[in-house]
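Subject: Structure handover

Hi,

Here is the structure you asked about. Please open it alongside this note; the findings follow below.

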Amino acid sequence: MSIQNVLRMGHPILQQLARPVRDASAPEIQQLIHDLRDTMRAHHGAGLAAPQIGQSVQVVIYGTGAPNPRYPEAPTIAETILMNPSLEPIGTETESGWEGCLSVPGLRGEVRRWKRLRIQALDSRGQELERVLEGFEARVVQHECDHLNGILFPQKLTSNQRFGYIEELITSGQIPAVPG
Ligand code: NI
């Protein structure tokens, strides 16, 4: 287990389509899950996708089961691992919200996401997982799954003007104060 370097926007791996997992029980996949967990927790991420630590494979992790200091107003989410995820919106309702990303440090931007969706994936043991999500958890999953398609949140802004450095956005009252 070890904390990995997080690639930043501009690194080509972040722009690639990630390959599917073929064997969830393979030692390298289980090691990848440990590395994702350690790295997400070390950086207080809401989630982390494998390409962000340099592995172009369809694995994401999100949630820690504890409040997140980078998103103080967000609900607590249990740790969840998704492999080969597919997302299907439920209904047509969307909502906009501010997002950050460990690959885009210091910045936040407003992104419109599906409010409710159904996800299908494999869990950390390769078992089929299906869930209906909404709100912040649905947002996190859409953000992380975008990473598997080579997409970072600045490519999906509601407006080029709804994007900036965290300190400036807090000072101007556009987002609530974020400690750390
Ligand atoms: Ni991200």
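How many cavities of 30 Å³ or more does a search of the whole structure find? There are 2. Keep in mind that this is a predicted model.

Largest cavity

The volume is about 160 Å³. The lining of this largest cavity is made by 16 residues, and those closest to the centre are Ala46, Tyr71, Gly100, His143 and Glu144. Two elements each supply at least two lining residues: strand E4 (94-99) and helix H2 (135-148). H2 gives the most, with 5 residues. By class, the lining of the largest cavity splits into 7 nonpolar, 5 polar and 4 charged residues.

Second largest cavity

This one has a volume of about 100 Å³. Its lining counts 13 residues; Ala46, Ala66, Asn68, Pro75 and Phe136 are the closest to the centre. No charged residues line the second largest cavity: the classes are 8 nonpolar and 5 polar. Ala46 is among the residues closest to the centre in the largest cavity and also in the second largest.

Nickel site

Which residues coordinate the nickel ion? Cys101 does so through SG, and His143 and His147 each through NE2. The distances run from 2.1 to 2.3 Å. In sequence, the donor spacing reads C-x41-H-x3-H. His143 and His147 are about one helical turn apart, because they lie 4 residues apart in helix H2. Both histidines, His143 and His147, are buried. His143 also belongs to the residues closest to the centre of the largest cavity.

Best wishes

How values were computed
Residues are numbered from 1 along each chain as its sequence is written. This is a predicted model: local features need pLDDT of at least 70, side-chain atom pairs count only at pLDDT 80 or more; totals for chains, interfaces and linings use all residues. Side-chain values use heavy atoms; hydrogens and water are left out. On a 1 Å grid over the protein atoms alone, a cavity is a set of points where a 1.4 Å probe fits but cannot get out, and a pocket is an open set with protein on both sides within 12 Å along at least five of seven lines; lining residues have an atom within 4 Å of a point. Grid points are joined across faces, edges and corners, and a volume is the space filled by probe spheres set on the points. Ala, Val, Leu, Ile, Met, Phe, Trp, Tyr, Cys and Pro count as nonpolar, Asp, Glu, Lys and Arg as charged, and the others, Gly among them, as polar. Donors are N, O and S atoms within 2.8 Å of the metal (3.2 Å for Na, K and Ca); water is not among the atoms, so sites may look incomplete. Buried means under 20% relative accessible area, exposed over 50%, partly exposed in between (1.4 Å probe, protein chains only).
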